[in-house]
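Trainee: I'm new to this structure and would like to learn how to read it. Could we look at it together?

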Amino acid sequence: MVTKHFTGSPEDADLRRVDSLARKIFSDVANKWALLIIEALGDGTLRFSALRDEVEGISHKMLTQNLRMLERYGLVDRTVHPTVPPRVEYALTEPGRALRATVDGMCGWTHRYLGHIEASRNRFDA
């Protein structure tokens with residue numbers, strides 16, 4: 001499989017610039033719901049209701065908005081099967097799976113340092 005990498009201007013890739021495309025992508029994708037959706041879809045294709053069950057606490061509206069955003073960025077594929085009623089499935093694309101590896105790293109970091117963070121919070125809040 002050949003992966004195409006599209007390159008824009010250096011300004012588009014600079015997270016420090018307020019007008020960069022990279023900052024917009026980072027801002028949209030690095031939200032709690034998007035990260036949890038990516039994590040849930042990492043195990044395979046899911047229908048909307050199954051995905052909502054996997055991401056505990058997400059509303060119908062937030063799931064819809066985040067799936068549309070992830071689809072717009074090419075991280076999630078939406079497949080509509082021509083049945084009655086229509087069956088819609090969601091799956092990660094290749095870039096989505098690559099991002100999932102980063103999300104997995106963040107989850108690992110959280111598990112590793114959860115005790116440290118909890119102790120620090122308790123000291124801070126005391």
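Mentor: Let's begin with the contacts of one loop residue. In this predicted model, Thr-93 touches Gly-74, Leu-75, Val-76 and Asp-77, leaving aside residues up to four places away in sequence.

Trainee: Where does Thr-93 lie? And is Thr-93 buried or exposed?

Mentor: Thr-93 sits in the loop between β3 and α5. Its relative accessibility is 11%, so Thr-93 counts as buried, the cut-off being under 20%.

Trainee: One of those contacts, Val-76, makes me curious about the strands. What stands opposite Val-76 in β3?

Mentor: That partner is Leu-92. Six bridges join β2 to β3, and the two strands run antiparallel. They also form a hairpin, with five residues between them.

Trainee: How many strands form the sheet, and in what order?

Mentor: Three strands make an open sheet, ordered β1-β3-β2, with antiparallel pairing. At the edges are β1 (46-47) and β2 (76-81), each of which pairs on one side only. Two bridges connect β1 with β3 (residues 87-92), and these strands run antiparallel. For Arg-47, the bridge partner in β3 is Glu-89.

Trainee: Let me go back to the loop of the hairpin. Which peptide bond is cis?

Mentor: Here is the general idea: most residues other than glycine have a negative phi, and most peptide bonds are trans. In this model, the bond from Val-84 to Pro-85 is cis, with omega near -10 degrees. Pro-85 belongs to the loop between β2 and β3.

Trainee: Now the helices, please. How do I read two that pack together?

Mentor: Two packed helices are described by the angle between their axes and by the distance between the axes. Take α2 and α5: their axes come within 9 Å and cross at roughly 105 degrees. Angles of 65 to 115 degrees count as roughly perpendicular, so α2 is roughly perpendicular to α5.

Trainee: Which residues make the contact?

Mentor: From α2 come Leu-35, Ile-38 and Glu-39; from α5 come Gly-96, Leu-99, Arg-100, Val-103, Asp-104, Met-106 and Cys-107. The residues of this contact divide into six nonpolar, one polar and three charged.

Trainee: Glu-39 is in that list. Why does Glu-39 count as partly exposed?

Mentor: Its relative accessibility is 23%, so Glu-39 counts as partly exposed, a class that lies between the 20% and 50% cut-offs. Glu-39 has its place in helix α2 (residues 32-41). Not counting residues up to four places away in sequence, Glu-39 touches Arg-100, Val-103, Asp-104 and Cys-107.

Trainee: And which residues are buried in α5?

Mentor: Gly-96, Arg-100 and Val-103 are buried there. The cover over the buried residues of α5 includes α2 and β3. Helix α5 (residues 94-125) also has a kink of about 60 degrees, centred on Tyr-113.

Trainee: At what angle do α2 and α4 pack?

Mentor: α2 and helix α4 (residues 60-72) pack at about 75 degrees, with their axes 10 Å apart. That angle makes α2 roughly perpendicular to α4. Here Trp-33, Ala-34, Ile-37 and Ile-38 in α2 meet Met-62, Leu-63, Asn-66, Leu-67, Met-69 and Leu-70 in α4. This contact divides into nine nonpolar residues, one polar and no charged.

Technical notes. Residues numbered from 1 in each chain as written. Predicted model: local features only at pLDDT ≥ 70, side-chain atom pairs only at ≥ 80, totals over all residues. Heavy atoms only, no water. Helix = DSSP H or I, 4+ residues; strand = E, 2+ residues; numbered from the N terminus. Buried < 20%, exposed > 50% of the residue type's maximum accessible area, 1.4 Å probe, protein only. Contact = heavy atoms within 4.5 Å. Pairing = 2+ DSSP bridges. Bend = angle between axes of the 7 residues up to and from the residue. Axes fitted to C-alpha atoms, helices over the stretch in contact; angles between N-to-C directions. Parallel < 35°, antiparallel > 145°, perpendicular 65-115°, else oblique. Nonpolar A, V, L, I, M, F, W, Y, C, P; charged D, E, K, R; others polar.
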